[in-house]
Amino acid sequence: MGCPSGLRSLSLFFLANTASAAVVSARDPVPSGFVAAPYYPAPYGGWADDWSESYDKAVKLVSQMTLAEKVNVTSGTGRCVGNTGSVPRLGLPELCLQDGPLGVRTTDNITAFPAGITTGATFNKELIYERGVALGEEFKGKGVNFYLGPCVGPLGRKPRGGRNWEGFGSDPVLQAIAGAETIRGVQDQGVIATLKHLVGNEQELYRMYNPVQQAYSANIDDRAMHELYLWPFADGVKAGVGSIMASYNAINGSAASQNSYILNGLLKDELGFQGLVMTDWLAQISGVASALAGLDMSMPGDTVGNNIPLTGYSNWMYELTRSVLNGSVPVDRLNDMATRIVATWYQLGQDKNYPPPNFSSNTADREGPLYPGALFSPSGVVNEYVNVQADHKVVAKQVAQEAITLLKNNGSFLPLKTSSPLFVFGTDAQADPQGINSCTDKSCNRGLLGMGWGSGSANYPYIDDPISSLKRKAPNVTYYATDSFPSVPAPTTDDVAIVFITSDAGENSYTVEGNHGDRDSSGLKAWHNGDELVQKAAAKYSNVVVVVHTVGPIVMEPWINLPSVKAVLVAHLPGQEAGDSLTEIIFGEVSPSGHLPYTIPVSEDDYPDSLDLVATPLSQTQDTYSEGLYIDYRYLNKAGKKPRFAFGHGLSYADFAFSNASISAVTKLSEVPPARPAKPVSPIASLNTTLPAASEAYFPEKFDRIWRFLYSWLPNNEADDAYAIGAKGEKKYPYPAGYSATQKTEGPPAGGPSGGNPAIWDTAFTLSLTVTNKGAQGTPAGKAVAQAYVQFPEGISFDTPVIQLRDFAKTKALAPGESAKLELKLVRRDVSVWDPVRQNWVVPNPTGQYKVWIGSASDDLPVVCYSDSLTCEDGVESPV
């Protein structure tokens with residue numbers, strides 16, 4: 001694997017600049033077989049039982065809105081990173097949207113939680129939910145209506161991908177479970193979660209449309225779409241997520257925010273999504289086309305950006321009003337857009353005493369511009385400095401700690417005694433000496449690496465750094481705050497060197513040390529000559545512990561087998577609680593229980609070429625997923641390539657054994673699931689679809705306008721002109737091929753409300769097993785993880801990976817001699833493949849022998865259960 005050649009500077013220049021519909025037409029051809037089929041019209045929301053009450057309320061409210069009021073809720077400007085307009089006379093407030101997945105961005109008095117990749121490494125469903133609860137409490141406390149997370153796209157297809165760390169790992173099931181638990185935790189607090197990015201945003205380079213370059217096209221076949229990339233979104237929809245954010249890139253040649261097949265077909269019809277779809281920031285490249293394709297909300301509304309006082313042009317707002325009046329956008333599409341937004345507001349109970357925003361994403365000062373997008377704005381109090389931290393540092397620390405992954409521990413070298421002489425190397429051991437928030441959006445790798453860079457970051461309230469914690473706990477600590485190995489006294493055999501190294505990545509809005517979001521310059525190497533630092537420490541000291549803070553896999557071959565390197569800990573991205581969470585493991589107060597949420601390869605070249613970063617400047621780059629289902633451990637297993645550390649790997653100070661495994665069949669399986677339920681008529685169909693009067697779009701008389709504020713009203717003459725066109729009906733918008741305005745009465749066979757056909761979620765098998773800590777008395781207690789992987793029957797007509805993760809569970813801390821029972825579950829979808837011909841989930845051989853492998857890592861699976869005989873064995877050889 002390698003970095004692409006080309007004009008990377010183009011992505012740097014245009015990323016933060018205007019997104020425009022007037023892009024160049026040149027592009028590399030979309031490969032044959034990858035098609036963005038038209039799917040129209042946008043299905044109405046409101047046909048799922050679990051949303052019915054909210055839709056009834058929303059329809060009642062929307063039915064009282066004028067044209068301009070309906071349009072006003074689809075975009076807007078304000079104090080937050082994104083805002084909608086309000087309808088004050090009907091009691092609908094402006095809604096606040098705010099980054100990011102690990103904490104409330106661009107404000108203070110919050111918790112900087114561990115990143116998504118860290119959270120995935122815990123393999124602890126309950127803890128992931130608790131993190132979601134804490135995030136929800138903080139976002140609500142700041143008056144945020146929409147939490148812009150969790151992130152399950154990128155999936156982690158490309159190891160160099162810049163935003164992989166915002167998600168939970170390179171596996172669709174790990175992403176799905178962690179994403180759904182986060183959604184439940186956040187939304188149980190009344191905050192609307194926003195699952196992102198749909199779909200194919202697997203690299204940062206050339207992700208956005210701009211005047212001279214189209215965004216790259218992620219070309220994904222139907223099986224890979226369903227079995228990998230759409231999989232976690234389906235779980236999120238089933239969990240009730242309120243909003244979904246489209247990605248920047250194109251999919252199969254069509255921009256995600258106006259891809260009718262993705263938004264109307266897969267998301268709203270097949271998955272039965274009842275909430276709203278929004279753009280990523282500045283991703284909207286058209287007005288009418290995006291509305292027809294199923295987009296419901298444009299963010300931030302201004303195509304140039306709210307905070308840059310230029311023209312204030314919008315593809316929607318007043319233009320959407322014009323497009324409805326002139327007949328280009330059907331009234332029922334606007335009705336659906338507005339109703340989906342209002343219904344989501346009701347669904348989360350935000351109509352009942354929900355707090356307004358008490359901070360500004362534009363300034364840290366107490367007073368500032370009330371309309372930050374305007375060149376001249378009245379000022380007022382915009383920051384109230386509300387502290388929302390509560391005791392959330394406790395769950396933040398627990399996530400950071402349970403994620404720490406012990407890769408190697410020769411001779412049980414860890415845990416250390418606090419009396420050991422410790423010599424610490426690497427600037428990553430300390431907080432940034434220039435200030436913990438000195439780099440905007442963490443756009444530098446200086447000092448401790450606690451999170452990646454970009455919109456997924458947050459401000460630290462403080463950092464408990466490792467060196468401070470080490471010095472609190474151990475009396476003999478010497479720190480060399482350098483990434484170049486210094487001159488040191490001759491060590492004794494008792495001396496221990498602890499070496500801190502990093503690898504960083506982030507969003508393509510910044511370039512850090514030559515890396516344009518993705519790790520295109522550094523590759524999978526440790527930054528700041530980290531490999532050399534470890535090598536020189538290992539040449540000098542006989543006992544070396546390596547601590548890695550990283551956004552993803554790094555190649556460790558330059559030093560992993562050196563005899564002095566006794567132990568390796570991957571601490572991922574721990575957020576603010578980086579110190580005690582780590583040192584308590586180093587000194588044995590707690591046993592490590594993290595597991596790798598990705599594979600660490602021997603070489604980057606072990607992956608297929610299709611997982612490289614790609615770039616064809618001045619064209620539309622074609623990123624074709626020719627590897628299909630085979631990414632990460634799926635590919636390495638198929639290719640017979642042994643990784644350095646397998647997906648799911650993680651050691652413990654405890655000694656766990658699995659026993660007493662059992663499997664039970666719950667639902668009798670058929671080749672195809674039972675027929676989906678009939679699709680009921682949506683209450684949106686009852687709303688008036690008559691062309692509204694031009695007067696509904698007039699500016700109010702004597703209205704004092706704020707320059708560049710995004711209004712949904714039109715000057716009277718412009719409204720009259722648009723209405724005249726619509727009333728005559730002679731001029732027709734050039735609708736796309738395949739367009740229809742007639743609602744489909746029958747949905748796709750795999751479809752259904754809130755997650756697709758309910759039958760695919762039926763429990764197929766339940767499994768249980770006993771986990772025992774067989775460690776000697778006096779050794780630390782530990783938490784064990786059981787991972788369940790399915791192996792499809794031999795002889796089926798579908799190609800499937802050797803094994804695929806399907807569920808996992810984690811015990812409480814087990815003392816030596818203590819046991820616990822774990823329960824695992826497989827649903828119908830887990831033993832199905834997606835059939836592109838039948839467009840349905842298919843169990844290839846319902847009576848065949850499915851093997852469910854259980855163990856502590858993808859290459860350590862000593863227990864197997866059989867679906868045909870309903871028996872289990874232990875002590876067997878792993879399939880890979």
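How many helices and strands are there in the chain? The chain holds 18 helices and 28 strands. This is a predicted model. The points below start with the whole chain, then turn to one pair of helices.

**Overall build**
- The radius of gyration of the chain is 27 Å, and the globule rule gives 29 Å for 880 residues. The two values are close, so the chain is as compact as a globular protein of that length.
- Along its principal axes, the C-alpha trace spans about 90 × 65 × 50 Å.

**Burial and contacts**
- Of the 880 residues in the chain, 65% are buried.
- Take the contacts in the chain with a separation of 6 or more: 78% of them join residues 24 or more positions apart.

**How helices H7 and H9 cross**
- Helix H7 covers residues 222-229, and helix H9 covers residues 260-270.
- Their axes come within 14 Å of each other and cross at roughly 55°.
- That angle makes H7 oblique to H9, because it falls outside the ranges for roughly parallel, roughly perpendicular and roughly antiparallel.
- The crossing of H7 past H9 is right-handed.

**Where H7 and H9 meet**
- H7 contributes Asp222, Met225 and His226 to the contact.
- On the H9 side, the residues they meet are Tyr261, Ile262, Leu266 and Glu270.
- By type, the residues of this contact divide into 4 nonpolar, 1 polar and 2 charged.

Conventions: Residues are numbered from 1 along each chain as its sequence is written. This is a predicted model: local features need pLDDT of at least 70, side-chain atom pairs count only at pLDDT 80 or more; totals for chains, interfaces and linings use all residues. Side-chain values use heavy atoms; hydrogens and water are left out. Axes are lines fitted to C-alpha atoms, for helices over the stretch in contact, and angles run from 0 to 180 degrees between N-to-C directions. Helices (H or I, at least four residues) and strands (E, at least two) are DSSP runs, numbered from the N terminus. Angles under 35 degrees count as roughly parallel, over 145 as roughly antiparallel, 65 to 115 as roughly perpendicular and the rest as oblique. A crossing is left-handed if the near helix is turned anticlockwise from the far one by less than a right angle, and right-handed if clockwise. Contact means heavy atoms within 4.5 Å. Ala, Val, Leu, Ile, Met, Phe, Trp, Tyr, Cys and Pro count as nonpolar, Asp, Glu, Lys and Arg as charged, and the others, Gly among them, as polar. The radius of gyration is taken over C-alpha atoms; the globule rule is 2.2 Å times the number of residues to the power 0.38. Buried means under 20% relative accessible area, exposed over 50%, partly exposed in between (1.4 Å probe, protein chains only).
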